[in-house]
Amino acid sequence: MHWPDLVVIRPVTQLLFAVEVELTPKTPAALRQILHGCLQARRKVIHLCTGAVVRQLVGHQTPGGWKDGIAQQVRLLPLGPPTGDGATLLHVQELHLRDPGVRAQLERHTARHRVSTYTVR
């Protein structure tokens, strides 16, 4: 079982959704486990990620065309490039940090944890 980083309950509507924060790329197996938890919960999940993790989750353009990500493989997102229609349980957004000190810390953290087998190109 996977527990999200944060669970939000909207006071008026009692709408429940999870927030995941992914700073470093993970193995495909680790991301599948997290996403299978999203599928089982049947609740909206917002993933805030660094660019490398966004590419792992939703895919990316290659010279040969679009390469689907892990979210498409586990059927949380439709095949192909994201359409932005918001009709899915998974919402992936790149994490943009405004504070330069926090951004520098994140860059140092991600540089230490880069492993060639995790890199998405």
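## Leu-57, helix H2 and the sheet

Visitor: Leaving aside its neighbours within four places in sequence, which residues is Leu-57 in contact with?
Guide: This is a predicted model. Sequence neighbours within four places are set aside here. The contacts of Leu-57 are then Leu-31, Leu-35, His-47, Cys-49, Gly-69, Ile-70, Ala-71, Gln-72 and Val-92.

Visitor: Is helix H2 largely enclosed or largely open, and why?
Guide: H2 covers residues 51–58. Buried here means under 20% relative accessible area. Among the buried residues of H2 are Val-53, Val-54 and Leu-57. Because 6 of its 8 residues are buried, H2 is largely enclosed by the rest of the structure.

Visitor: What phi does Gly-59 take?
Guide: Gly-59 comes just after H2. Its phi is positive, at about 95°.

Visitor: Which element supplies the largest share of the largest nonpolar core?
Guide: The largest nonpolar core has 16 residues, and Leu-35, Leu-57, Leu-76 and Leu-90 have the most contacts inside it. Helix H1 (28–41), strand S3 (44–49), H2 and helix H3 (70–73) each give at least two residues to this core. The largest share is 4 residues, and it comes from H2.

Visitor: How many bridges join strand S1 to strand S2?
Guide: S1 spans residues 6–9 and S2 spans residues 16–22, and the two run antiparallel. Val-7 has Ala-18 as its bridge partner in S2. Ile-9 faces Leu-16 across the pair. The number of bridges joining S1 to S2 is 4.

Visitor: Which residue in the turn of the S1 and S2 hairpin has a positive phi?
Guide: The hairpin leaves 6 residues between S1 and S2. In that turn, phi is positive, about 60°, at Gln-14.

Visitor: Which strands stand at the edges of the sheet, each with a single partner strand?
Guide: The sheet is open, has 4 strands with mixed pairing, and follows the order S1-S2-S3-S6. Each edge strand has a single partner, so one side of it is left without a neighbour in the sheet. Neighbouring strands are turned by 20° against each other on average, direction ignored. The edges are S1 and S6 (90–94).

Visitor: What angle does the direction of H1 make with that of S3?
Guide: H1 packs on the sheet. It touches S2, S3 and S6. Its direction and that of S3 make an angle of about 155°.

Visitor: At what angle does H2 run to S6?
Guide: H2 lies across S2, S3 and S6. Relative to S6, H2 runs at about 150°.

Conventions
Residues numbered from 1 in each chain as written. Predicted model: local features only at pLDDT ≥ 70, side-chain atom pairs only at ≥ 80, totals over all residues. Heavy atoms only, no water. Buried < 20%, exposed > 50% of the residue type's maximum accessible area, 1.4 Å probe, protein only. Core = buried A, V, L, I, M, F, W, Y, C linked by side-chain atoms within 4.5 Å. Contact = heavy atoms within 4.5 Å. Pairing = 2+ DSSP bridges. Axes fitted to C-alpha atoms, helices over the stretch in contact; angles between N-to-C directions.
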